[in-house]
Amino acid sequence: MTPTPHLGVSRNGDGHPYATWDAAYVLGSLSAADRREFEGHLDRCSACRRAVSELADLPAVLALLAPDEVAALDVNGHPVAAPAGLLVAVSGNGSPLGSAQPEQTVFPFFRTGNYAPVPDELTAFDLPVDGAIPAELTGWYLRNGPNPRVARGHWCVGDGMVHGIRLENGRAAWYRNRWVRTDSFEHPAPVYGADGSRNLRSSLANTHVVRHAGKTLALMETSLPYQISTELETLGAYDFGGKLADAMNAHPKICPTTGELHFFGYGSLVAPHVTYHRANADGELIISRPIDVPALTLMHDFALTAEHVVFLDLPLLFDLDLALAMGENPDVPYRWNDGYGAGWGCCAAATRTVSCVGSTSTRATCSTWPTPTTAPTANPLCCR
């Protein structure tokens with residue numbers, strides 16, 4: 001690590017080899033290698049552990065300060081102005097004051113402390129257990145989430161990493177964590193082509209993990225799901241035997257009665273922007289029906305009842321200019337639009353009819369969904 005002006009807590013004595021590392025560690029600015037080195041040092045150094053503990057609130061404190069309230073020290077210990085653009089002052093209503101820089105903290109909280117990315121893939125067997133695990137409890141406990149390999153400006157744009165614990169015969173048999181190695185993991189590719197088409201295999205696969213019909217799928221709603229093995233190794237993009245030519249939303253629902261998997265896809269720049277899908281209990285995709293909505297919104301989730309599938313169409317709209325301008329600092333290209341309004345509607349799961357169940361306006365009308373043997377047509381999302 002390159003020496004920096006000392007921002008940390010003072011130690012007794014001079015020449016402490018890690019005297020400048022504590023604040024950098026708390027703020028998440030160490031490289032992965034330096035972070036591992038410093039964490040190894042923390043195990044042996046009570047002074048540095050105390051310093052890190054005392055600095056734990058530093059990111060939150062800095063986030064509340066304006067640029068003219070922040071000072072760093074030069075190599076001689078003299079105050080210097082904070083770097084331009086490091087912090088952005090905000091007015092009482094949250095608007096930036098006097099800066100074209102995006103609002104940000106010095107280091108986002110999701111890159112620090114317990115939120116910080118995990119740098120390594122690990123495997124451990126026969127984990128110690130406090131208490132007892134019921135012998136009847138057999139299976140996996142899996143977790144998926146963003147785990148950026150490089151610094152990113154938004155929590156949602158890190159690469160997916162699945163963590164898993166295997167329980168069997170009263171034991172915690174193993175723990176392992178693995179990156180979801182999508183087609184774009186080593187060779188990043190844009191989701192949208194110059195002609196507006198989508199690359200459904202370009203994915204971070206970082207939002208959810210679900211098991212259905214014997215397959216475990218890592219999900220991110222802008223892409224195809226990625227199948228992973230029982231040992232969390234990536235097997236590749238999964239398209240239901242070539243039947244799914246759409247994204248799969250990150251929060252599908254499994255009907256506890258029929259075992260069917262309900263989900264939808266969205267993200268197309270041209271209509272239909274949303275399509276409802278259903279797979280039977282054996283994992284065969286049996287229904288794909290477009291839904292007519294006025295614009296591409298960040299629909300993200302939906303609800304499943306015993307008899308209906310309920311969709312929410314809310315005013316968080318896709319911003320193409322923002323998507324094209326993101327470059328090396330990706331963000332989520334959706335922004336609130338007061339003029340769009342809110343709408344919702346539902347599909348009767350058994351009869352495939354769309355029913356109006358409530359509204360905030362009357363722009364859309366109701367229609368009947370076609371049977372599976374009928375050529376698919378777009379159906380208005382009711383109750384706007």
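Student: In this predicted model, which residue's side chain does His300 join by a polar contact of 2.7 Å?

Tutor: Start with where His300 sits: in the loop between strand 14 (285-292) and strand 15 (302-304). Beyond its close sequence neighbours, its contacts include Thr207, Asn249 and Tyr266. The polar contact of 2.7 Å runs from its side chain to that of Glu221.

Student: Is His300 buried, partly exposed or exposed?

Tutor: Buried requires under 20% relative accessible area, and exposed requires over 50%. His300 has 29%. That value lies between the two cut-offs, so His300 is partly exposed.

Student: At which residues does UniProt place the feature "binding site"?

Tutor: The annotation comes from an unreviewed UniProt entry. The sites are spread over 50 residues of sequence, yet they cluster in space, with a largest C-alpha distance of 7.5 Å. The record names His251 and His300.

Student: Where does His251 lie?

Tutor: Look first at its surroundings. Leaving aside neighbours within four places in sequence, His251 is in contact with Thr207, His208, His300, Asp301 and Phe302. His251 itself lies in the loop between strand 10 (234-237) and strand 11 (253-254).

Student: Which residues lie 24-49 in the record, and how much of that span is helix?

Tutor: The unreviewed UniProt entry labels residues 24-49 "domain: Putative zinc-finger". The end C-alpha atoms of this span lie 13 Å apart. Strand makes up 0% of the span, and helix makes up 69%.

Student: What separates Glu39 and Arg35 along helix 2?

Tutor: Their side chains meet in a salt bridge of 3.3 Å, N to O. The two residues are four apart in helix 2 (residues 32-42). Their separation is therefore about one helical turn.

Student: Of Glu39 and Arg35, which counts as buried?

Tutor: The cut-off for buried is under 20% relative accessible area. Glu39 has 31%, so it is partly exposed. At 13%, the buried partner is Arg35.

Student: How many residues apart are Asp120 and Arg36?

Tutor: The two form a salt bridge, with the closest N and O atoms 3.6 Å apart. The pair links distant parts of the chain: Asp120 is in the loop between strand 2 (79-81) and strand 3 (123-125), while Arg36 is in helix 2. Asp120 is partly exposed at 29%, and Arg36 is partly exposed at 38%. Along the sequence they are 84 residues apart.

Student: Which residues are linked with Arg171 in a network of salt bridges?

Tutor: Take one bridge of Arg171: the closest N and O atoms between Arg171 and Glu168 are 3.5 Å apart. Arg171 is partly exposed at 34%, and Glu168 is partly exposed at 24%. The network links Arg171 with Asp126, Arg166 and Glu168.

Student: What accessible area do Phe109, Tyr115 and Trp155 have together?

Tutor: Trp155 is in the loop between strand 4 (139-146) and strand 5 (160-168). Its relative accessibility is 38%, so it counts as partly exposed. With Phe109 and Tyr115, Trp155 forms a nonpolar surface patch of about 340 Å².

Student: Across the chain, what share of residues counts as buried?

Tutor: The chain holds five helices and 21 strands. It exposes about 20300 Å², with carbon and sulfur atoms supplying 55%. Of its 384 residues, the buried share is 40%.

Notes. Residues are numbered from 1 along each chain as its sequence is written. This is a predicted model: local features need pLDDT of at least 70, side-chain atom pairs count only at pLDDT 80 or more; totals for chains, interfaces and linings use all residues. Side-chain values use heavy atoms; hydrogens and water are left out. UniProt positions are given in the numbering used here, feature names are shortened, and annotations may be inferred rather than shown by experiment. Contact means heavy atoms within 4.5 Å. Buried means under 20% relative accessible area, exposed over 50%, partly exposed in between (1.4 Å probe, protein chains only). A polar contact is a pair of N or O atoms within 3.5 Å; within protein, one must be able to donate a hydrogen and the other to accept it, and residues adjacent in sequence count only if both atoms are side-chain atoms. Patches are made of residues with over 30% relative accessible area and no salt bridge: like charges are joined within 9 Å, nonpolar side chains (Val, Leu, Ile, Met, Phe, Trp, Tyr) within 5 Å. Accessible areas come from the Shrake-Rupley method with a 1.4 Å probe; for residues, only the protein chains shown count as cover. A salt bridge is a side-chain nitrogen of Lys or Arg within 4 Å of a carboxyl oxygen of Asp or Glu.
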